[in-house]
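Hi everyone, thanks for making time for this. Have the viewer open while I talk, and stop me whenever something is unclear.

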Amino acid sequence: MKRLAAVLAVLMLAVGAALWWLPRVLAPQVGSPYEAAALLEQDVRAGGDGLLFCAEQVDPDEVYRALEACYPYAFSLHATVRPNRTVELQVQASRQARQAQAQSYAAALAADSIQEGMSDVQKLRALHDTLVRLCQYDTDTAEQVSPDGATAPFAADGALLDHRAVCSGYGRAFGMLCEAAGIDSIYIASEEMNHGWNAVRLDGQTYFIDCTFDDPVPDRGAYVSDQYFMLTAEELAATHVWDQAFYEQLLDSMENAK
């Protein structure tokens, strides 16, 4: 009996160890926040309920930045750290019905804006102009002392459905339009400027598009500026500050994944 009890104890310890380490063994191996963000984007688009990562391989804040750049929908990222040194990341979309409506509208706008035979630059200009004409900069929200960043003006549904947004709403709406047109783009968030805009990579060169800065305040109807359309990093750096290395690496990662 003592021998049987000892065997059972060893088995229980082995099972416990396996249960402890198995999630780490099964967790996807990622080498950058961009890889983790790509997996999370695939998971949320497929209707998943989150992914488990090895804690030492992911920084939730960096993963959020990368996912925000690629996923043009309002969302929150929840991180749950477990004792076995894993972290579960879950993406929760906001205003799902409205965002689905905004996505459908973006597809219709892109189809109306783009003509057969257009180059990628011409397509981007058409989408840029469509958004600037459609949307007005929401000065009331921008002037709030402590605005709620989860509300519509900060997201694509505010720009596309309400026709009023702040910079993040413009940026995410432009990302949604690009997605509908089959063009890869990212959203860049600058903490230093409290501002956001977009970037694309064409023929190995990165270009920046700031729809917000190209929309006059007060609104001038059909008038559209092109001062901040398709600028190089050197040109944009005259007026903007951002983490250039982070977003260049993200664009590299997106290209390498193709």
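**Starting in the middle of a sheet**

Let's begin with one pair of residues: Asn198 has Ile209, in strand 8, as its bridge partner. That pair belongs to a ladder of 5 bridges between strand 7 and strand 8, which run antiparallel. The two strands form a hairpin with 2 residues between them. Look at the turn and you'll find Asp203, which has a positive phi of about 50 degrees.

Before we go on, please remember that this is a predicted model. The average pLDDT for the chain is 88, and 90% of the residues score at least 70. Residues 4-21 are the stretch to be careful with, as the pLDDT there is below 50. Beyond near neighbours in sequence, that stretch has 3 contacts in the model. As a general rule, where pLDDT is low, the predicted coordinates should not be read in detail.

Now some orientation. The chain has 10 helices and 9 strands. Of its 258 residues, 43% count as buried. If you take contacts between residues at least 6 apart in sequence, 64% of them join residues at least 24 apart.

**The four-stranded sheet**

Back to our strands. In what order do the 4 strands of this open sheet come? The order is 6-7-8-9, with antiparallel pairing. Strands of a sheet pair through backbone hydrogen bonds, in general. Strand 6, residues 186-190, and strand 9, residues 229-231, are at the edges with a single partner strand each, so one side of each has no neighbour in the sheet. From one strand to the next, the twist averages 40 degrees.

Let's walk across. Strand 6 and strand 7 run antiparallel and are joined by 5 bridges; in one of the pairings, Ile188 has Trp197 in strand 7 as its bridge partner. These strands also make a hairpin, this time with 4 residues between them. In that turn, Asn194 has a positive phi of about 50 degrees. On the far side, 2 bridges join strand 8, residues 205-209, to strand 9. Remember Ile209? Its bridge partner in strand 9 is Phe229.

What covers this sheet? Helix 8, residues 167-181, lies across strand 6, strand 7 and strand 8, at about 25 degrees to strand 7. Helix 10, residues 244-256, packs on the sheet too and touches strand 6, strand 7 and strand 8. The direction of helix 10 makes about 165 degrees with that of strand 6.

So how many of the 8 residues of strand 7 are buried? The count is 8 of the 8, so strand 7 is largely enclosed by the rest of the structure. Both of its faces are covered: His195, Trp197, Ala199 and Arg201 are buried on one side, and Gly196, Asn198, Val200 and Leu202 on the other.

**The three-stranded sheet**

There is also an open sheet of 3 strands in the order 1-3-2, again with antiparallel pairing. Here the edges are strand 1, residues 51-54, and strand 2, residues 75-81; each has a single partner strand, so one side of each is left without a neighbour in the sheet. The twist in this sheet averages 30 degrees from one strand to the next. Strand 2 is joined to strand 3, residues 86-93, by 7 bridges, and Val81 stands opposite Val87 in strand 3.

Helix 3, residues 60-70, packs on this sheet and touches strand 2 and strand 3. Its N-terminal end is capped by Asp59, with a side-chain oxygen 3.0 Å from the backbone nitrogen of Asp61. The buried residues of helix 3 include Val63, Ala66 and Leu67. What do the buried residues of helix 3 pack against? Among their partners are helix 2, strand 2 and strand 3, but also helix 8, strand 6 and helix 10.

**The nonpolar core**

Last stop! In soluble globular proteins, nonpolar side chains tend to be buried together. Here the largest nonpolar core has 61 residues, and Leu124, Leu131 and Leu160 touch the most other members. Helix 8 gives this core its largest share, 6 residues. Try selecting Leu131: leaving out residues up to four places away in sequence, Leu131 touches Ala159, Leu160, Tyr170, Ala173, Phe174, Leu177 and Cys211.

That's my tour, and I'm happy to take questions.

Terms used. Residues are numbered from 1 along each chain as its sequence is written. This is a predicted model: local features need pLDDT of at least 70, side-chain atom pairs count only at pLDDT 80 or more; totals for chains, interfaces and linings use all residues. Side-chain values use heavy atoms; hydrogens and water are left out. Two strands pair if DSSP finds at least two bridges between them. Axes are lines fitted to C-alpha atoms, for helices over the stretch in contact, and angles run from 0 to 180 degrees between N-to-C directions. Contact means heavy atoms within 4.5 Å. A nonpolar core is a set of buried Ala, Val, Leu, Ile, Met, Phe, Trp, Tyr and Cys residues joined through side-chain atoms within 4.5 Å. Buried means under 20% relative accessible area, exposed over 50%, partly exposed in between (1.4 Å probe, protein chains only). pLDDT is the predictor's confidence in each residue, from 0 to 100. A polar contact is a pair of N or O atoms within 3.5 Å; within protein, one must be able to donate a hydrogen and the other to accept it, and residues adjacent in sequence count only if both atoms are side-chain atoms.
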